[in-house]
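Biologist: I would like to learn how to read a model like this one. Could we take it feature by feature?

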Amino acid sequence: MNRGPTWFNVTSLVLGFAFLYIPILLLIIYSFNGSRLVTIWGGFSTEWYVALLHDEQLLDAVWVTLRVAALSSLVATVLGTLAAIALTRYGRFTGRSVFSGMTYAPLVMPEVITGLSLLLLFVAIGFERGFWTIMLAHTTFTMCFVAVVVQSRLVTFDRSLEEAALDLGCSPAKTFFIITLPLILPAVISGFMLAFTLSMDDLVIASFTTGPGATTLPMRIYSQVRMGVTPEINAICTVMIGFIAIIVLIASIATKHQETVRRREEQAAAQ
Amino acid sequence: MALPGSRGIGRRLVIAVPFFWLLLLFVVPFLIVLKISLSQDVIAQPPYTPLLDLSQGWAGLKDFFSQLNFDNYGYVLDWNNEFLNAYGSSLIIAGVSTLLLLLVGYPIAYGMARAPRSIQPTLVMMVILPFWTSFLIRVYAWIGILSQDGLLNQALTALGIIDTPLEILNTDLAVYIGIVYSYLPFMVLPLYSALEKMDGTLLEAAEDLGCPPMKAFWLVTFPLSLPGVAAGALLCFIPAVGEFVIPDLLGGSDTLMIGKSLWTEFTVNRSWTASSAVAVLLLIVLVVPIVIYQNIQARQLEAGK
């Protein structure tokens, strides 16, 4: 499908990307606004960033969010990768359709339903709500995203390498760690990053499953937004955007580096 | 690894660990929601009549069934309580938004698929990038743009297009803008992957046989992109029906959406049983699109596309 773009294609791309990026750019620009009013420019200032550093509650929320995101995305990556392997490598086992249903449904499930149902579970079993309940909830919905990302890599890769290792007497577990895992690693890493950002991002599920003492950053931002729009919120948002931009940048450099190394090794092996 | 020796304990663990995790934290919670939707509110902690108590054997089971009642469904399905309006208006808002998303997303995906191969990965990256920034932030950004003294009204007034500021924030229009903006990557990416795989020689053949480009698009390109259209539409429609943040922050007090109603019922009215009934009915409304979506997803992933 490559016949060269027409003026129509170029225009739709330019307008499309303008639509996607302009709101975020405006948000960043207005975080440097000297005026207390968000929409009226009062000169360049970084006072809102200074104010952030003194906001204890906010810093607490950031710390809770990062801990939840780190822990839940690690567990979700392991569980999601296992689910992806079960779905792509084990043929038709009993309960497979239930399994795949449970893996894909959370991807589209409205958050209010997931959040409410998890809360009712935690209450029913008498699990004290707070950090751990948010972490369990986040692990559950993000592992499904990891599973889909890893699965799409597993179905496209060359299985003859795995088969060769097994034929040569390598145990399935060892085959996984020395052959399969290195090959699917980029997908596992992007699954991890996706899980991490989804967890950092989530407001609704965290609000349902939290308890006293565990306020995440989105919950904090939400309650501030409800009270009115201030440049301070723009500043928090800008810091978050910057943080995520750095993670994405590092990850894409790392994947590129890994690809170059692999290509060099392949060339060396061919000679 | 579906190979000799793999029928052992390792294989069972690989299946069992994620399986039971999802069973316990995704399926069982729904059963609890279902049960609580059939319970009565009581002033206690937790605020509903107790769950199944198996330690009492038959008596417990009999208690369990005798306590089921459908009052909550009566309450939710009563026309006086606005829930039915909220279900209807959520379906309409989600449906219209999905159509708008197709109208906005298709030209973008089409442009990406026809761009030079070398820049296509960059374009895909550029569509995904905004998705990495927080959903809440992206919705919040629109408050500053759409409000009465917001940037859009300032720009339009400065250009002399309008005299009095437009009222966009806190209306349904703002909700549409918010949904289209936040869900756009979910629409563009499936469309792009369907269009990008398409065989360009089909269009050349149509052209050689004298088919005008517009007609060729409708006869060849669009039908071939239908799997992408279906995947993108469901990926946007289903979560949009239950959307809470967008109608809450951008919509007005008269914007009815069921996700918002459920939230209010839970946090303001504090009725756990009624909000469970709202959730069960929402799930019943969505079960058909969810099953279709799962089938598309399973087929695509297993075909290795």
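Biologist: How many residues does the contact take from chain A and from chain B?

Modeller: Bear in mind that this is a predicted model. The contact takes 79 residues from chain A and 87 residues from chain B. On the side of chain A that touches chain B, helix α1 (residues 7–30) gives the most, with 13 residues. That side of chain A divides into 57 nonpolar, 16 polar and six charged residues.

Biologist: How many helices and strands are there in chain A?

Modeller: Chain A comes to eleven helices and zero strands. Its C-alpha atoms fill a box of roughly 70 × 60 × 35 Å along the principal axes. Of the 271 residues in chain A, 45% are buried. Among contacts in chain A between residues at least 6 apart in sequence, 79% join residues at least 24 apart.

Biologist: What span should helix α6 of chain A have, and how far apart are its end C-alpha atoms?

Modeller: The idea is to set an expected span against the one in the model. Helix α6 (residues 131–154) of chain A has 24 residues, and at 1.5 Å a residue these should span 34 Å; the end C-alpha atoms are 33 Å apart, so the two agree. There is still a kink of about 25° in α6(A), centred on A:T142. As for cover, 20 of the 24 residues of α6(A) are buried.

Biologist: Is A:A195 buried or exposed, and why?

Modeller: The way to tell is to count C-beta neighbours. A:A195 counts as buried because it has 28 of them inside 10 Å, and 20 or more is the cut-off. The residue is found in helix α8 (residues 172–201) of chain A. Beyond its neighbours within four places in sequence, A:A195 is in contact with A:S73, A:A76, A:T77, A:T142, A:F145 and A:V146. One of these, A:T142, is where the kink in α6(A) is centred.

Biologist: Which elements help to cover the buried residues of α10(A)?

Modeller: Here one lists the buried residues, then looks at what lies against them. In helix α10 (residues 217–227) of chain A, the buried residues are A:L217, A:P218, A:M219, A:R220, A:I221 and A:Y222. Their cover includes α3 (56–89), α8, α9 (204–209) and α11 (231–270) of chain A, together with α6 (135–146) of chain B. After α10(A) comes A:G228, with a positive phi near 135°.

Biologist: At what angle do helices α4 and α11 of chain B pack?

Modeller: A helix pair is read from its angle, its axis distance and its contacts. Helix α4 (residues 83–114) and helix α11 (residues 226–241) of chain B pack at about 145°, with their axes 9 Å apart. The crossing of α4(B) past α11(B) is right-handed. Residues of α4(B) in the contact include B:S90, B:L91 and B:A94, while those of α11(B) include B:V229, B:G232 and B:A233. By class, this contact has ten nonpolar, six polar and no charged residues.

Biologist: Which residue in the loop between α7 and α8 of chain B has a positive phi without being a glycine?

Modeller: Most residues other than glycine have a negative phi, so exceptions are worth listing. B:N170 is one, with phi near 65°, and lies in the loop between α7 (151–158) and α8 (172–196) of chain B. With 19 other C-beta atoms within 10 Å, B:N170 is partly exposed. B:R270, also not a glycine, has a positive phi of about 55°. This residue is found in the loop between α13 (258–267) and α14 (272–303) of chain B. B:R270 counts as exposed because it has 11 C-beta neighbours inside 10 Å.

Definitions and conventions:
Residues are numbered from 1 along each chain as its sequence is written. Chains are lettered from A and ligands numbered from 1 in the order in which they are written. This is a predicted model: local features need pLDDT of at least 70, side-chain atom pairs count only at pLDDT 80 or more; totals for chains, interfaces and linings use all residues. Axes are lines fitted to C-alpha atoms, for helices over the stretch in contact, and angles run from 0 to 180 degrees between N-to-C directions. Helices (H or I, at least four residues) and strands (E, at least two) are DSSP runs, numbered from the N terminus. A crossing is left-handed if the near helix is turned anticlockwise from the far one by less than a right angle, and right-handed if clockwise. Two residues are in contact if their C-beta atoms, placed from the backbone, lie within 7 Å. Ala, Val, Leu, Ile, Met, Phe, Trp, Tyr, Cys and Pro count as nonpolar, Asp, Glu, Lys and Arg as charged, and the others, Gly among them, as polar. A residue is buried if 20 or more other C-beta atoms lie within 10 Å of its own, exposed if 12 or fewer, and partly exposed in between; C-beta atoms are placed from the backbone. The expected span of a helix is 1.5 Å times one less than its number of residues. The bend at a residue is the angle between axes fitted to the seven residues ending there and the seven starting there.
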